[in-house]
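Student: I have a new structure open and would like to find my way around. Could we go through it together?

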Amino acid sequence: MTFQQTANVFNCRRNADSSNDSAWRPALVIAGWLVLCFSTQVTLADSKQRQIELDNKIMPLLKRHCLDCHSGAEPDAGLTLDHFETPLSFLKGRFIWEKAVQKMRIMEMPPPDVSELSDAEREELMGWILQTIEEYECGLEPNPGRVTLRRLNATEYSNTIRDLFGLKSFKPASNFPGDDVGYGFDNIGDVLTLPPLLMEKYFLEAERISKALIQTPPPTEMFEQGYPGGQLQVDASSSRSERELTLASQGTAKIREQVPWAGIYEIAVTAGGDQAGDEPCLMGIEIDGKLVRRIPVPNDRGEPQTYTLRTRLRAGSREIGISFLNDFYRAGNGGQEKLDRNLVVHHLAIAGKKPGGAKLDPSQLSEYHRRILFTTPKNTADRERATRAVVTKWINRAYRRVVEPAEVDRLVDFAMELQDDGDSFEESIQVVLQVILVSPNFLFRVEPPSEALGFTKFRDLDEFELATRLSYFLWSSMPDDELFSLAWKKQLRQGDTLRQQVARMVKDPRAQDFIKNFAGQWLTLRKLRDFQPDRSQFPQWNERIKRLAEYETLRFFSEVMRRDMSVLRLLDADFTYLNQELAEFYGIPNVQGASFRPVSLKGTPRAGLLTQASVLAVTSNPTRTSPVKRGKWILENLLATPPPPAPPGVPELQEKKGELTGTLRERLEQHRADPACANCHKLMDPLGFALENFDAIGQYRTRDGTLAIDASGELPGGIRVRGAAELQQLLIRRHKEQFVECLTEKMLTYALGRGLEYYDKCALDKIIQALEDDDYRFSTLLVGIVTSDPFQKKGEREWEQ
């Protein structure tokens, strides 16, 4: 019996007799420790035997055949193996050793020309490694892993705004900085940082969104006040004229203004600078002594520019400050040029509109306005009721959970303060929406820690967290009403509900974002945007063909998924989706019209992903094909066995001018003659050469100039492959399991937003076994992921190893 099972027994007994709760607690603790101790003894006994085998048999083999190259400060391929000294360290490095076993199996490692590893020794080494790294006990308490708090990436942010408010034509996040990529995807928590520039963009976008959604009464008065720079008071070294003020050292120029009413004001500063050093002048804007914005001022004093800040000011006496934040000075000694950075303030202006007291014309209200403000105050006494109703609805939806009453109270109180200061009901809700949209509860997918039960180090996600993981996995967006309803009723995990929801969601148009974001990054289709082949050699390629080729692959992936085909069809399907223009580009007749439709590939040299123009183009050079890139792409993206980077100092093929001659194949063979290149190229090149009948833009050919195409190659172990069709059959016949594992690893990584660890093996194996049992159906892969422990649970604290 596991500890969890024991705890369940005692918890049931305790619940049945809650009056004697204190008597059962010591028994529960003792029972838990007994189970944990028993489990530990079994593990330690196994580990002791493994350690003996490692010390006496395995480590001598590694020292003789592996560690000469893979140890020290500069190991081959950057891979060190000399720090694996215990069975547990092999288990933790499972992904490294799995790749090592794959390379040993195909006789690539150790290199036969430098190693005398016998067949018996090879089998012993592979057997021990596999037994050790597969020894993780899946039947005991699972380890679902820990996911770093995940910020919404740009796509998720944009989609969430769209689905939260129904803003279909609005384009949020269009000017956000690009998201970093980890493990091949841009939704990985560890790399989704929040730099200051992005935070500023969030504030600006929240204001823009709230104004697009909610209309406000027209202003009744305008307030405008301006001051030449020379009129500002300053607390730092400065010089002034009637029209400008020069801040020669760090400090603040100030003016005190009587703000007539509370509301949004625009502060406009016209400034320039004496530029010096390695960065431009940095100006700060302060309100009542508090720095609210930092603004780079790269223009010179003779070319002043106006910088604006929109901010809320309370009525009354307010101090507006302009600060010089990065003074720099270097005396001109020893022949050096004198350098002196100064901030020059030419003008300060403050302007605002008094909130209107007029009523909005109901006939002029937008659909968005009516949706957000679904109720309005009937009179002054009704303001809090209407405010609370609106805030409660939108904060719950925006935060994707049931919000605590205290959270609602804070925003309602804030809105009421704004209304008491003179803002209209509409203006106060505008501001509250801005607060919601810059809250971490909206910008991040928050899964807060909770008190762990007993000795467990994980917890089940609550229904709202599970609904959120599910929707961002398959839609890159927030849950819809149906998912929220199921979460509210706690029905998401009941019976076959998750399977039914997956089936519904993949048929929804929003699943197109999963296709673009997962398949587009897994298959590296985003690189297609930067692919520019030589126009003189490939005049048939243009921006339209590029877009059509990408759409073909995404549509093909979509149909395999939505029609619940075997995932193996991605490799060998005898059909694709084309329109007339792309069919003519491929040389396939009898396809009419601009719409894409299913097209049979029987009788053509094409089948599956590998012969689609998008994949062939992103694995080519601008002037020619690249068997190396194509072979490397197959190893990385279909077989999860990426080759190591090229050794330092080894130039690429095209850089060896004057050294290599002959056909591309002959030049690659000369390149491969370099011992530093041989081991990797003997695996990559034959895979890439099998696709050599397809040129750099994916068109079929039988000749390269005047030379006949030779699409044959020999893989390690004497396996020969000729042409794309034999390559596809080789992948299906001999590497099916590798492909399925690779796809599962990639998709689970994308779904979890983190890289996989050794303890994820249990979940991976379970998903892969379910796929094998169900003819590799796509739905089984998706359901296996969303029902897996890593997806359904959350690690609460670090695990002791």
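Student: Happy to start with the rings. Which residues form one aromatic cluster with Trp522?

Tutor: Keep in mind that this is a predicted model. Within it, one aromatic cluster brings together residues from distinct places in the numbering, Trp522 among them. Its other members are Phe185, Phe473, Phe514, Phe518, Phe557, Tyr750, Phe778 and Phe791.

Student: Which residues have the most contacts inside the largest nonpolar core?

Tutor: In soluble globular proteins, nonpolar side chains tend to be buried together. Here the largest nonpolar core has 148 residues. Those with the most contacts inside this core are Phe165, Phe473 and Trp522.

Student: What does Phe473 touch, leaving aside its neighbours within four places in sequence?

Tutor: Phe473 also belongs to the aromatic cluster, as do Phe514, Tyr750 and Phe791. Those three are on its contact list too. The full list is Phe514, Met747, Tyr750, Ala751, Leu782, Ile785, Val786 and Phe791.

Student: How many residues are in the second, separate core?

Tutor: This core includes Tyr265, Met283, Ile322 and Leu348. Its size is 29 residues.

Student: Back to the rings: are Phe556 and Phe575 stacked or tilted?

Tutor: The structure holds 32 aromatic pairs, and the rings of Phe556 and Phe575 make one of them, with centres 5.8 Å apart. The pair links distant parts of the chain, 19 residues apart, with Phe556 in helix 17 (residues 543-562) and Phe575 in strand 16 (residues 575-578). Stacked planes would be under 30 degrees apart and edge-to-face ones over 60. The planes here stand at 55°, so the pair is tilted.

Student: Are Phe556 and Phe575 buried or exposed?

Tutor: Buried means a relative accessible area under 20%. Phe556 has 0% and Phe575 has 17%. That makes Phe556 buried, and Phe575 is likewise buried.

Student: Helix 17 came up there. What does Thr553 touch, leaving aside its neighbours within four places in sequence?

Tutor: Thr553 lies in helix 17. Its relative accessible area is 1%, so Thr553 is buried. Its contacts are Leu523, Leu525, Leu609, Gln612 and Ser614.

Student: Which ring does the charged end of Arg510 sit over?

Tutor: There are two such arrangements to look at. Arg606 lies over the face of Tyr586, at 3.8 Å from the ring centre. The charged end of Arg510 is 3.9 Å from the centre of its ring, which belongs to Trp475.

Student: What is the nearest cysteine sulfur to that of Cys66?

Tutor: A search of the whole structure finds zero disulfides. Cys66 is in no disulfide, and at 12% relative accessibility this residue counts as buried. The nearest sulfur is 8.6 Å away and belongs to Cys69.

Student: Now the loops. Is Pro298 buried or exposed?

Tutor: Pro298 is found in the loop between strand 9 (290-297) and strand 10 (305-313). Leaving aside neighbours within four places in sequence, Pro298 is in contact with Gln275, Pro280 and Tyr307. A residue counts as exposed when its relative accessible area is over 50%. The value for Pro298 is 53%, so this proline is exposed.

Student: How many Å separate the C-alpha atoms of Ser424 and Pro217?

Tutor: Ser424 sits in the loop between helix 10 (405-420) and helix 11 (425-437), and counts as buried at 11% relative accessibility. Not counting residues up to four places away in sequence, Ser424 touches Pro217 and Gln419. Ser424 and Pro217 are 207 residues apart along the chain, yet their C-alpha atoms are separated by 7.6 Å.

Student: What is the phi of Arg400?

Tutor: Most residues other than glycine have a negative phi. Arg400 lies in the loop between helix 9 (383-399) and helix 10, and counts as buried at 3% relative accessibility. Although Arg400 is not a glycine, its phi is positive, at about 60°.

Student: Where is Tyr776 found?

Tutor: Tyr776 also has a positive phi of about 60° although it is not a glycine. With a relative accessible area of 8%, Tyr776 is buried. Its place is the loop between helix 26 (761-773) and helix 27 (778-786).

Student: To finish with the whole chain, what share of the residues count as buried?

Tutor: The protein chain has 28 helices and 22 strands. Of its 801 residues, the buried share is 51%.

Methods. Residues are numbered from 1 along each chain as its sequence is written. This is a predicted model: local features need pLDDT of at least 70, side-chain atom pairs count only at pLDDT 80 or more; totals for chains, interfaces and linings use all residues. Side-chain values use heavy atoms; hydrogens and water are left out. Helices (H or I, at least four residues) and strands (E, at least two) are DSSP runs, numbered from the N terminus. Buried means under 20% relative accessible area, exposed over 50%, partly exposed in between (1.4 Å probe, protein chains only). Rings of Phe, Tyr and Trp (its six-membered ring) pair if their centres lie within 6.5 Å; planes under 30 degrees apart count as stacked, over 60 as edge-to-face and the rest as tilted. A charge sits over a ring if NZ of Lys or CZ of Arg is within 6 Å of the ring centre and within 35 degrees of the ring normal. A nonpolar core is a set of buried Ala, Val, Leu, Ile, Met, Phe, Trp, Tyr and Cys residues joined through side-chain atoms within 4.5 Å. Contact means heavy atoms within 4.5 Å. A disulfide is a pair of cysteine sulfur atoms within 2.5 Å.
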